[in-house]
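Welcome, and please open the structure in your viewer. We will walk through it one selection at a time, and each stop tells you what to pick and what you will find there.

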Amino acid sequence: MNIIVCVKQVPDTTAVKIDPVKHTLIREGVPSIMNPDDKGGLELALELKDKVGAKVTVITMGPPQADLVLREALAMGADRAILLTDRAFAGADTLATSNALAGALKVLDYDLVITGRQAIDGDTAQVGPEMAEHLGLPQVSYVVDCEYNGENKFTVKKETEDGYEILEVEGPALFTVLASGYKARYMNVALIVDAFDKEVEIWPASKLDISPEKLGLKGSPTKVMKAFTKETKPAGQLYELEPEQAVDVIIEKLKEKFII
Amino acid sequence: MNKADYKGVYVFVEQRDGQIQSVALELLGKARVLADKLGENVVAFYPGYKNAESAKELIAWGADKVVLIDAPELKDYITEQYSQAMSQAIDHYKPSIVLLGATTIGRDLGPRLASRLETGLTADCTGLDISEDRDLMMTRPAFGGNLMATILCSEHRPQMSTVRPGVMQKGTRDASRVGEIENFTPSFDPSKFKVKLVKAVKEEKGKIDITEAKILVSGGRGVANSEGFAKLQALADVVGGVVSSSRAMVDAGVMPHEVQVGQTGKTVRPDLYMACGISGAIQHLAGMEESDFIVAINKDKFAPIFGVADVGIVGDVHKIVPMLTEKLSKLMAAKK
Amino acid sequence: MDFELTKPQKLFQQMIREFSEKEVKPIAAQVDETEEFPRENVKKLAALGVLGIPTPKEFGGAGGDHVMYTIAVEELSRVCATTGVIVSAHTSLCEDAILDNGTPEQKAKYLPKLASGEWIGAFGLTEPNAGTDASAQQTMAVADGDDYILNGTKIFITNAGEADLYVIATMTDKSKGNKGITTFIVEASTPGFSIGKKEHKMGIRGSATCELIFENCRVPKANMLGPLGGGFAIAMKTLDGGRIGIAAQALGIAQGAMDETVKYCKERKQFGRSLSQFQNTQFQLADLQTKIEAARYLVRAAAWKKDRGMPYSADAAMAKLFAAETAMEMTTKAVQFHGGYGYTREYPVERMMRDAKITEIYEGTSEVQRMVIAAKLFKK
């Protein structure tokens, strides 16, 4: 089985802080990580590899530094790594991103395509389903479990708001995976040692099966009109008191607001 | 594509087991506001099976017209079946705007449709408005929640957007409103149906929807472990609230994902939000800062949570919460 | 000259740091409290290849280097010094000893088992009457046909009881003094070999430290490690390598205590200010962080030299001496900064202080390190 996993390098948004005076994002020193849902997706691929045998290819679109998440994927057990990097991809919204990735997949062989549900820097959850449409693949999003039944058939568990669904899928298909469903393995030391000796294939836009008009800013139907930091409401009162007095303050305020 | 051919604010009405979802009514409320600004109609796309009966309910909630798509293929939500029906309906009716709920259904269907229609989609919008050029201005949080971006899709139609449950306000139900109900019959291509629903399971196991709770007692890193959360539960029991959690404690495996508040969890706006041992990372604030009244308890005086709290208490949750629980329970007992 | 870690070393650091935070830190206090060997985590480390980092791939190791190995011990010890020393004793004192001194047959037989972590390794040198003066070995090995028969007792052996394989120093010819010492590889299942009393220690309480008892324990000649009478040199060389591991452990403890202290000083308020705002705090911690960073460079330089086959004996001694004393100073100050809380088990710094002490003692006391360093100074 050939499995392609799409991963994204993202800033660790839990480490992002706000400048309290200027109300701007402090991005300095924020580590770049493999997007958690994508890492869960890679784990699903690697578990299938362990169970039924598969060749796992990881692919990312990003600047040259995104190489590092591919090395991490190789150190977790992926077999092949492809980095889509080209100025032509710059300024892509989700549709243009999905066009680029689908354009790459069209020149690759696959039985299963896996993406994370969503990336923590954008939280849109759109690129996976958009790719599935371009490739004409059935999709299941919010996947937390997956069994391979042979002959390209999968049984997957999809998380919903109030429970879950069990779905039978005829591949090739695309799944978007939740990190909570798959606790990703740690990198293996021997694979870490080898990770930088392996080739990460660098693919420019010209290598993809997609018209250049559909890439980057040109291929993006949505445009950012403006970006701004949220106005935070004026801070309330801060109390530094002994626990007993603090408790009294809370109770008094709750009474004022008729909450109790 | 001629933009002028596309008219009307359309809402994808999500039903589950024939039950119209609350988010659809919230979207009708917002669609009404947008349509009035444009001087156009609000139309509800209502796919399902044997769902004709409830269609007029959508008119009461603000729709001028309901496009009823009643087909056995649409009994349960499956991506391809719904994509075929919805894309054909959109091709036929040419809406200017299509709104979907940012649920597991809307977030699955929305991008599939946008891709099929080659148009833009903006996820999880918190603000929708009409520009001077009559385009939809879609505002959404980005970068973990603090940065807001207003996004346009001016060259493509329809303009599509998903909105999370609880973000928009429902209008007022008016049973006397009149509107039109029209049937639309899609032609399905079953050769593309590759996904079969084997079963849908509702998990009870005391699953409480934190978005519905009036009072949330929420814990973060400072609560440390499940013993700490037991203290919060005791407080929640006394005030009739529900316990929720920050992402840190979900990542640590202490609390389940369904009670996570924040950008990657749920957006809540209870009457009272008690943030216990939560520092207030921006993605957490994004999920709770619309709460009516916020009490925060944290050891760190400089914790960002105090920036949004109405009452900030610098102190140890492990000491204050049990003490508060005890006093409140006496108070409540005295009331009775 | 390059002070940056290599790309694989950095990626490895990311992995082991995440592992330490998520798997090791949550149980560190419990391991200390119960004195239980953290078997589950050792298994997990084994599965990831952490028990065979510098061992070449041909012997089933990860094919990494000793710098990577010091990063492993440092990051693990930063949250749990017990876990750090388990990896250190296994790797430096058993696996490296066989890798550096074993015959092709011995390497092929034992290294894959050790590198994969299927077997845990240990090293037995210290005896009731042979501590710092390691030449006073009393465990006797007497030739008998194709075997040697071992009799005697070893004490304070790290990983004892948990280990499956031991490198043991014995006396084969008392008349020759140091030159009469020979090392053997002893499998735990060998008849006549048994584990004696388990020590109850001040620190690193989850690591197993026991007595080894040899009663007519028959070991095949094929298991002699290195030449007859070459055991003292092997033991000393092995300890040189081990010291890099212990230095990394001390470094980790020091950094862990610093992490806790910085966190605490930001939170704790006295006289209306957080402790971190007092210049006394800032200056003391600045000095300590400088020492920690210096220790880190010493540790990595020693490992770097070992990886390149350069002499590193004095470097390892300096690294261990300095890192151990820094760990002791840092943890003592950490407790002081935490005040009364620091003296309680609610905070990890008192454990770190207890853990730090051993790094000044085992695998050569600080005094021994000074002897090694001075010997090199005056040799010229």
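Two residues are in contact if their C-beta atoms, placed from the backbone, lie within 7 Å. Keep that in mind for the whole tour, and remember that this is a predicted model.

**Stop 1: chain A as a whole**

Select chain A and colour it by secondary structure. You should find six helices and 15 strands. Along the principal axes, its C-alpha atoms fill a box of roughly 65 × 40 × 40 Å. Of the 260 residues in chain A, 52% count as buried. Now think about contacts in chain A with a separation of 6 or more: 70% of them come from residues 24 or more positions apart.

**Stop 2: where chain A touches chain B**

Show chains A and B together. Here 67 residues of chain A are in contact with 71 residues of chain B. On the chain A side, the elements that each supply at least two residues include α3 (94–105), β9 (139–148) and α6 (243–256). By class, this side of chain A has 32 nonpolar, 17 polar and 18 charged residues.

Next, pick out one pair of helices, α4 (residues 127–135) of chain A and α4 (residues 106–117) of chain B. Their axes come within 8 Å and cross at roughly 45°, which makes α4(A) oblique to α4(B). The crossing is right-handed. To see who takes part, select A:Pro129, A:Glu130, A:Ala132, A:Glu133 and A:His134 from α4(A). From α4(B), add B:Asp108, B:Pro111, B:Arg112, B:Ala114, B:Ser115 and B:Arg116. The residues of this contact divide into four nonpolar, two polar and five charged.

**Stop 3: A:Ala125**

Stay in chain A and select A:Ala125, in the loop between β8 (112–116) and α4 of chain A. Is A:Ala125 buried or exposed? A residue needs 20 or more other C-beta atoms within 10 Å of its own to count as buried. A:Ala125 has 27 of them, so A:Ala125 is buried. Leaving aside neighbours within four places in sequence, A:Ala125 is in contact with A:Arg117, A:Gln118, B:Arg107 and B:Ala123. For a sense of distance, select A:Glu213 too: the two residues are 88 apart in sequence and 23 Å apart in space, C-alpha to C-alpha.

**Stop 4: where chain A touches chain C**

Bring chain C into view. This contact takes twelve residues from chain A and 15 residues from chain C. In chain A, α2 (67–76) and α5 (189–195) each supply at least two residues of the side that touches chain C. Which helix gives the most to that side? It is α5(A), with five residues. The chain A residues here divide into nine nonpolar, one polar and two charged.

**Stop 5: two helices in chain C**

Select α3 (residues 66–79) and α6 (residues 231–267) of chain C, whose axes come within 7 Å and cross at roughly 40°. α3(C) and α6(C) are therefore oblique to each other, and their crossing is right-handed. Among the residues that meet are C:His66, C:Thr70 and C:Val73 in α3(C), with C:Ile244, C:Gly245 and C:Ala248 among those in α6(C). By class, the contact has seven nonpolar, eight polar and three charged residues.

**Stop 6: the nonpolar cores**

The largest nonpolar core has 258 residues. Those with the most contacts inside this core are A:Ala100, B:Val11, B:Leu28, B:Ala44, B:Phe45, C:Val299 and C:Ala323. α6(C), from the last stop, gives the most to this core, with 15 residues. Now zoom in on B:Leu28: beyond its neighbours within four places in sequence, its contacts include B:Val11, B:Val42, B:Ala44 and B:Trp61. A second, separate core of 54 residues includes B:Val268, B:Met288, B:Ile297 and B:Ala309.

**Stop 7: backbone details**

Finish with some loops. The peptide bond from A:Gly171 to A:Pro172 is cis, with omega near -5°, and A:Pro172 sits in the loop between β11 and β12 (173–177) of chain A. In chain B, the bond from B:Arg157 to B:Pro158 is also cis, with omega near -5°. B:Pro158 belongs to the loop between β10 (147–152) and β11 (159–163) of chain B.

Two non-glycine residues complete the tour. B:Asp17 has a positive phi near 50° and is exposed, with 9 other C-beta atoms within 10 Å. C:Asn159 has a positive phi of about 75° but is buried, with 27 other C-beta atoms within 10 Å.

Terms used:
Residues are numbered from 1 along each chain as its sequence is written. Chains are lettered from A and ligands numbered from 1 in the order in which they are written. This is a predicted model: local features need pLDDT of at least 70, side-chain atom pairs count only at pLDDT 80 or more; totals for chains, interfaces and linings use all residues. Axes are lines fitted to C-alpha atoms, for helices over the stretch in contact, and angles run from 0 to 180 degrees between N-to-C directions. Helices (H or I, at least four residues) and strands (E, at least two) are DSSP runs, numbered from the N terminus. Angles under 35 degrees count as roughly parallel, over 145 as roughly antiparallel, 65 to 115 as roughly perpendicular and the rest as oblique. A crossing is left-handed if the near helix is turned anticlockwise from the far one by less than a right angle, and right-handed if clockwise. Ala, Val, Leu, Ile, Met, Phe, Trp, Tyr, Cys and Pro count as nonpolar, Asp, Glu, Lys and Arg as charged, and the others, Gly among them, as polar. A nonpolar core is a set of buried Ala, Val, Leu, Ile, Met, Phe, Trp, Tyr and Cys residues joined through C-beta atoms within 7 Å. A residue is buried if 20 or more other C-beta atoms lie within 10 Å of its own, exposed if 12 or fewer, and partly exposed in between; C-beta atoms are placed from the backbone.
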